[in-house]
Structures are given as C-alpha cells and as structure tokens.
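Hi everyone, thanks for coming. I'd like to walk you through a few spots in a structure that may be new to you, so let's bring it up on the screen.

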Amino acid sequence: MSFISRMAFRHQPATSAPENDEFVIRPTLGSVWNSACALSSPNTSPENRLKASLHLEEWDGPFSTPSDGVGEDLQWPFYVTFLLEPPAEAQNSLMIRNDDGPLLLLCQMLHARILRNRSTPWFTPRASEVQRIITVGAWKWTTPEGQEGSPHSAAVAASLARVAAAVAVRRDVLSEGAGASATYELVESSVRFQLTMSQQNDADSQVMPLHRAFPWKVIERAASELDAQTSTNSIVRKSVLLTPSGRMADLLARGLLEALKFLSICGTLADPDQQFLCLAMKAYAKWSSLAYDLRHDDITSLEHSVIPSILHLHEAAVSLGHSTVLSVVVAKLSGLLVDDVPFRASASLATSLSEVLASSASPLCQRALVWLVEAVDTVGFLTSVYGKTVDSKNPVAEEVAVALLKLACRLLESPVGSAIIAGRIKGWEPLIMMLSQGQTDPRHSVALVPLTEGVWVDLQDYPLNERHPQLHAEFFIGLAEELVNGTLIRNAGFVSWDQEMDQDREEWIERRKLSAEVLIESYYLLRYDLLDLLVQQFVMKESWNRSESGLWALRALSSAVVSWVSKKGSATYAEDRAKTLSSIRHLAWTMTKDLIHATALHPRMLAAVARFIAGYAPILTGNMGGTDNSPQTARLVTFLYEILKKIPRLTTSSSTYDPEEDDASVLRQIGFAARALLASWATYFEDAYRTAKPGSTIMVSGHVVIQSLPDIMVVSCQVGDAVAAAAVAEGVARALSVIPVKNRTAAAQSIFTPVLRGMDPRVYLPTPEGVRVHLGTLRNLVKFSDQIAEGMLDHPLEQILGAIWGLCSDMLNRAQISSNMEDDDLATLQSIFGLQEQVVVTMPGWLQEKRIGNLISATVRVYDTAHCGCALGMLGVTVEAFGGREEMHVAYGQLLAHLTASLCVYLKNNTLSNQTQVSVFAPNVPDP
C-alpha cells in the first residue's frame, strides 16, 4: 500500500467544526484535523478550545522514530491532506472550499516544526506527490470566476509553497548536498507544471494565468528557504545552485522564457497575466541574487554555471533579436502600449522590476541598465504612464505613481547612477524631471517617494565636477523652494488640527521632517543664497502661513548656519559669512521691532518667531563677525518679557512632551527662546566683562539684561506653564552665574525671593497647579546654579536655600498625608520632594547633619503613612549622597530594616491591585 493510500485509508475528515457539543479526541489523523477546526471556529466553547490547543501541542511535539511505516504517519499526520483531492474533485470538497482556516493553521504549524527540528530525518515525498502539492496549491491560489471560495485559499496556497520549499531544502541540508538535490527537483516540478498548463486548451484561459503563477510562488519560496537555512552552510548552497552542467540556470531560464511566450500570445496584460509575470520576475531575481552572492564569496570562474540575472539575460538575448523580460516590461510601462495596460498591472510590474534592480543590478550588467535609462527618452518608459496618473480619477493611480517613482529611484541607485547624474546617458534629463515633478505632486504618498528614498541627499554626495551643469546650485534653489512650499499649512484660516479637514497632521509632520534633511544638505552647497531665498520668498511675504513655513525652514538650518558663521575660515568665504550674519540679525530686528504688530500675529507665526530666536541665539548675542550685538540681545530679552506678560494665565498645565504641539505653543516657544538667548548671552558676557570698560555698550546692555531677570522669571511662573517656566529658569540661572561677583548675591535674592513668595498663602492664594509650577521653577533654578559660587568666599544662595528648606518643611507639615491621597496632593508631594532632592544633589555641602536627620525623619513619616514612591526616591537620593560617610552606615542599616518592616505590614493589610504606588518598590509585580 502506498504512502498516500495508507494515509487516505486512515484519514477521517471532519465535515464541520465542533461548536458547543462535547469535544472528542480520536487517536487518528482526524483528531488533528478536528482540533484545528475547533481552534478556527468562533463558536467553539472555551473548554473545547483549550482541549484542542492541548491536543495540537501534543501533536506538535518531537517526531517519533519511523518503525514499520507507523513513524511516517506520525511524522506526516496531515501532509497528505494537501494531496488527497485533485482539482476536479476539489470543487465539491468542503475542505477545499470552506474549511481552509484549519488547513492554514496546520500549514503554519508544520512550517515552524520543520525549522525547529533541524536534525530529524525527514520522509521524502515522491515526485508525484510533489506534483500533487503544486496542483492543489495552484487550485487554491485562485478561484474560477463565479465559484465561491474560502477567504483563506490564497494564504493556504502560500503556506503550501512555504512547506514544500522548507521540506526540500531541509532534505538537502541533512544530506549535506550529497545525491540528487530535493530543492532542484521541487523547482523542476514547478516548471514542469507551468509547461503542462501551457499546453492545455485556451478554453481555460481565464484560470490558466493564475494557475501558472503558483509554481513561481513555490520557486520563490524555495530560494527564500535556501537563503534562510543555508546562510552558514556554503556546501549545501553550492550543491543546489551549482547543479551539474548548470541545470538549475537552464531550468529557470526555460520557465521564464515560457512565461514570455504565453504573454506574447495573450497580447494584453490583464490582472492575472501581470501577477504571473511579476511572480516569475521576483522568483528568478531571488535565485540569481543567491548565485551572484555565492560567486562573489569564493567562486571566480563559474560565470556560466551560476544563474545569470534578468539583466544579463537581456544583454544575451537582445544580441540575438529575442524578446526578454525587460523588453516586455518596458513595452508595458511606456507609451507603446500604455492604453492596453491596466493601472494595477503597471504598479505591480514597476514594483517587481524595482526588486529585480535592487537584488541583481551589478557593474557587470551596465548595458541593460543603460538600455533602460535610454528607454525613458526613446519610448517614454515610466514618464508616459506617470503622466497619465497625474489627473486620473482611478483609485489606484496614486499607487501606480509611487511604484513608478520608486523604480526611477532604483535606476539612480544602480551602477549607472553616476553616469545619469553626469548626463552621459540619453534619457537622464526626463528621468530627473520626472522625480522633480513627483516631488511637487499634491498627492502626499507620491511626493514622499524622492524624500524617503533619499534621492536628493544622495545626489548631493556627488562633487560638482561629476554632475551635469543643470544639477548645480540653480537646480537645488528651485528644489528648496518646492520643498518649503510643500510644508505650508494650506488653510490661511487655520485654528487647530482638530478642526482641519483638508490637511492631515501626521502627513504634514512627516513632510516637514523629511524636507528638513534635504534643506540642510542643500545649505552646504547654496549657503547664503538659500537663506536669501527663504527670507525673500517666504518670511517677508504677507500671508502668515507662507512666512511661518519660511521661519520653520530657517530654524531647521540654524545648527548648520551657526556652525558655518562661527568658523574662522579663509577670506574666500568671508563675504558669505558676513552676509549671513547681517541677514539673520536684520531679520530678527525686523520681526521684533514692533511689539503691537508682533502680538497681533497668528499664534503659529509668533511661535515660529520665538523658535527662530532660539535657534539663532548664538548669532543674536555676542560679537560674531567682530560686531557687538549686545544692544539687540537686551532688546530681544525685553521683547520676550513683554510677550509673556500679554499671554493669558493658564488654568491647567501639562508637562507632557509633544514636538508638534510644543512648536505651536507661543508660551513654550517664548520660554525656550529665553533659555537659549540668556544662556548664549551668559557665555559671551562672562568673557567680555573682563575687558569691558564702565559705560561701554557691553556693560550698559548687560545691566539691562540683568535687571530684566527677576521680571521675566516671575511672569513665566505666573502664566502657569510648568515646561515654559522651567525653561526660563534654566536660562536665568545660567545668566545669574556670570553676574559680577559683587552683585551676584543681591541678584540671586531678587530672582529667588519672588518665586518663593508666589507660594506663600499669606501673600497669595496659589492653586495646587500654581504651587507645583513654582516648585518646579525653584528646582531648575537650583539645578543650573551649580557654578554660582565660583570665585566667591560665601555661597550666594546661603539664605535662599535656608528659606527653600523651611518652605518645604512647612509644606510637608501642612500636607494631608494619607494612604489614599488625591492625585493633586500626591503630585504636590512629589514636587516638594523633587525640590529637596535637587538641593541634596546640587549642593550637598550646604546641608548640615541636623538637616539631613530631619529630612530622613520627615520622609520616613510620609512613607509609613502613604507608602508612596516619591518618598522612597527621596530616601534613595539621600543614601546616595551621604551613604559613603562611615558614621552613617549604622543609621542607614536601621533605616532599611524599618522600611522593610513597614512594607511587610502594608502588604499584609492591603491588596496590590488598589495601591499602585507599591510598584515603585517592586516594579515588576503584575496586577492579580
């Protein structure tokens, strides 16, 4: 009895999945099928689903050793279910038509099992059985028109291909390449099936192309499995690829030639036909890529034995006047047959050819690549089809345009890319113009292609003497203008993205991010000319959205511009640096000279002005170019202060970070601008003060800046945004550290005291949110005042730190500490401890032993009552700062014992699910 007959005799297929009736496990192949049906059915009860899962896990265990044929059955418990029914009988089979879900599950399990059991001897199916797999797979790959099919059929067919390929390659791996190659036999069976289908009557032409496609799916999967399973086994890979007399190469070439013959008979390219050709191209390209890699590894004289690429086949066939894959694809994607090719077919062909170029283009096939580029000019290859997509209402037109542009990008990345950039190949200009047109395409996904593929950035890598003159500065000036145009907020009445219907927020963010990369690369070529373009064509225009986009682009360039201007290079570039410096400073003066006009700007425009100031702060302060800019620095600080005063006080504050929302927030951008401006001014003033004379511009402007520090600090706290206030605090602390020593203590008190008073209930009635803003501000002031005592005998913050410590202690005493604190109270407690932590970390020398003891005692009381994570954090910081002292070892040991005992009592009396703060102590404890 044959293997198939034995399995068919034992197989008891289920006609339907068990629902809620009792699930029975039978010790036969049918039980495996029943288990898969149970897991695939939505009506299976949880109990039966568990039983089915356990049964499949048992079946999916280690293989048994073959003995008298029984082992074969156990090794291949459902393999023959793919072979039992030929297509004619499958039309009426429930398993083929409606029960593909269980079959898909079993296919996936078998494939995983094949890869997992790497050393198990495998039963080898006969050639007729392999042919049956391909036949059934081809039938499932598609359903004839008018016949109902399973939604899983195509997935099952793909899994069949994967399983067949994995078995064949595993057999070759276990045999170490000795004897006949199972992988070659699988490819041979697939090609033979295609040839057999080609000889059938044309009456079945609607089904035949798709049936032809499946064998190429098998061939493709065989290449993928060979690549995956033999990545570290070159012996097996060579034995399969380098078959005697190059039989594998001849076999694949014969299959590809048959595909072309069929398409030449069909004439047009309907959807089944393009699927057939595309699969053939991809499968062949994978095999040739494996062979090419092998040759480059250690084989130098086997050009005729390895599998030539599709590009090589074209070069050989053209000389004989034969049709090739490339000639067919070019004809389908050019002006020759553009009206006969459906849009979807064009997209598939372009994508497939892109994969071919990406996997097999090499310097050895330059003639084929040159022929492709020349076809852009001679027959309208790519450009003619792309032109038809521009105004098309076809729903797949956008997909086609994307595929065509990606194919154009592959040509630029190919070994002839340098010749295209140099203009040495006929067709280079329409190819570049097509990419430029795609960049300005109003369809988002289309315009993104040149950006995501890195075309313009890669082009910048070519030196000017290796580019065609039309790809020099003038080209990139035009490209930069188009890129910035593409980043506009198109609606002049824009309020928020929630109300915007014509433009997608995520697409707009992505467009800006990718465009910024190209603009930065372009700046290294264009320098001042790019800045001038942005200022004249965008920033100085009346429409706010156009001006905002120009300022965004300038901000994106700020790091590169500041680095360029700060260099001391040759006189050749001195003029460009001088013009850049003058342009940036003049623009800043223009935008901030009229406070009334500035406050009337669209909020996004005003935020963009603040971002511009922050980005160019090193230029707007100091004396770059030999010109002192201190007066403008003082004026800009005053400008920022006046804007802050006019912003309404917030009722709530968020400390979350959202780059786009922060960019659009006037308040936060003003805070960031103040931080950057004051930090840059501090760096410059610290050096300039040593040589400045009393009454000089530097000293007068410096006095204005110093006098404004308390005001800008106070108003940023009063507005009520924690992020903005923290940013201003950082800048103020940086500036405070460079104030002349004789004035530093008084200046520190003038800055810290108003912030402290803002939390005093005897002076104000602050909200809990306002208290936390002030605490966070004090924390940042302390954090960035680490250099404030440099050059001083007495610490300028001595009295201030005492006031801060007393304030925190008083707030802890007044706080309502309990085990079920409100979120507001807990957040305030975290802010108090955060400020104390910062004092401990930044200025541990200020703390006396008595203060340390009081801090630990107060924190332990809080923890014993509330068991909150912030108290443990405070204790951890204290231990880290002072635990190295020998006299503290015993005290900290006692502290640890107390905390452990306190936690044990708490866990005994409470459930973890209701007290999430405990997770700080035990972060990986899941909810029960």
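Let's begin in a loop: leucine 382 sits between helix 18, residues 366–378, and helix 19, residues 383–390. Please keep in mind as we go that this is a predicted model. Is leucine 382 buried or exposed? Its relative accessibility is 0%, so leucine 382 counts as buried. The backbone is worth a look here too, since phi of leucine 382 is near 75°, which is a positive value in a residue other than glycine.

We can find another positive phi further along the chain. Arginine 527 has a phi near 55°, and again this residue is not a glycine. You'll find arginine 527 in the loop between helix 26 and helix 27, the latter covering residues 528–539. Why does arginine 527 count as buried? Its relative accessibility is 16%, and the cut-off for buried is under 20%.

Now a third loop, the one between helix 12 (234–241) and helix 13 (247–266), where leucine 242 lies. Leucine 242 is partly exposed, with a relative accessible area of 22%. How far apart in space are leucine 242 and valine 306, C-alpha to C-alpha? They are 6.1 Å apart, although 64 residues separate them in sequence.

On to a couple of helices. Helix 20 runs over residues 397–413, which makes 17 residues. From first C-alpha to last, helix 20 reaches 25 Å, close to the 24 Å expected at 1.5 Å a residue. Of those 17 residues, 13 are buried, so helix 20 is largely enclosed by the rest of the structure.

Helix 37 covers residues 722–736, 15 in total, and spans 20 Å between its first and last C-alpha, close to an expected 21 Å. How many residues of helix 37 are buried? Twelve of the 15 are, so helix 37 is also largely enclosed by the rest of the structure. Among the buried ones are Ala724, Val728, Glu730, Gly731 and Leu736.

Let's finish on the surface. Which residues form a negative surface patch? They are Glu398, Asp504, Glu507 and Glu510. If you'd like to find one of them on the screen, glutamate 510 lies in helix 26, residues 505–526. Glutamate 510 is partly exposed, at a relative accessible area of 34%.

That's my tour, and I'm happy to go back to any of these spots.

Methods. Residues numbered from 1 in each chain as written. Predicted model: local features only at pLDDT ≥ 70, side-chain atom pairs only at ≥ 80, totals over all residues. Heavy atoms only, no water. Patch = residues over 30% accessible without salt bridge, like charges linked within 9 Å, V, L, I, M, F, W, Y side chains within 5 Å. Areas by Shrake-Rupley, 256 points an atom, 1.4 Å probe, with all protein chains shown as cover. Salt bridge = Lys/Arg side-chain N within 4 Å of Asp/Glu carboxyl O. Lys, Arg positive; Asp, Glu negative; His and termini not counted. Charge placed at Lys NZ, Arg CZ, Asp CG, Glu CD. Helix = DSSP H or I, 4+ residues; strand = E, 2+ residues; numbered from the N terminus. Buried < 20%, exposed > 50% of the residue type's maximum accessible area, 1.4 Å probe, protein only. Expected span 1.5 Å × (residues − 1).
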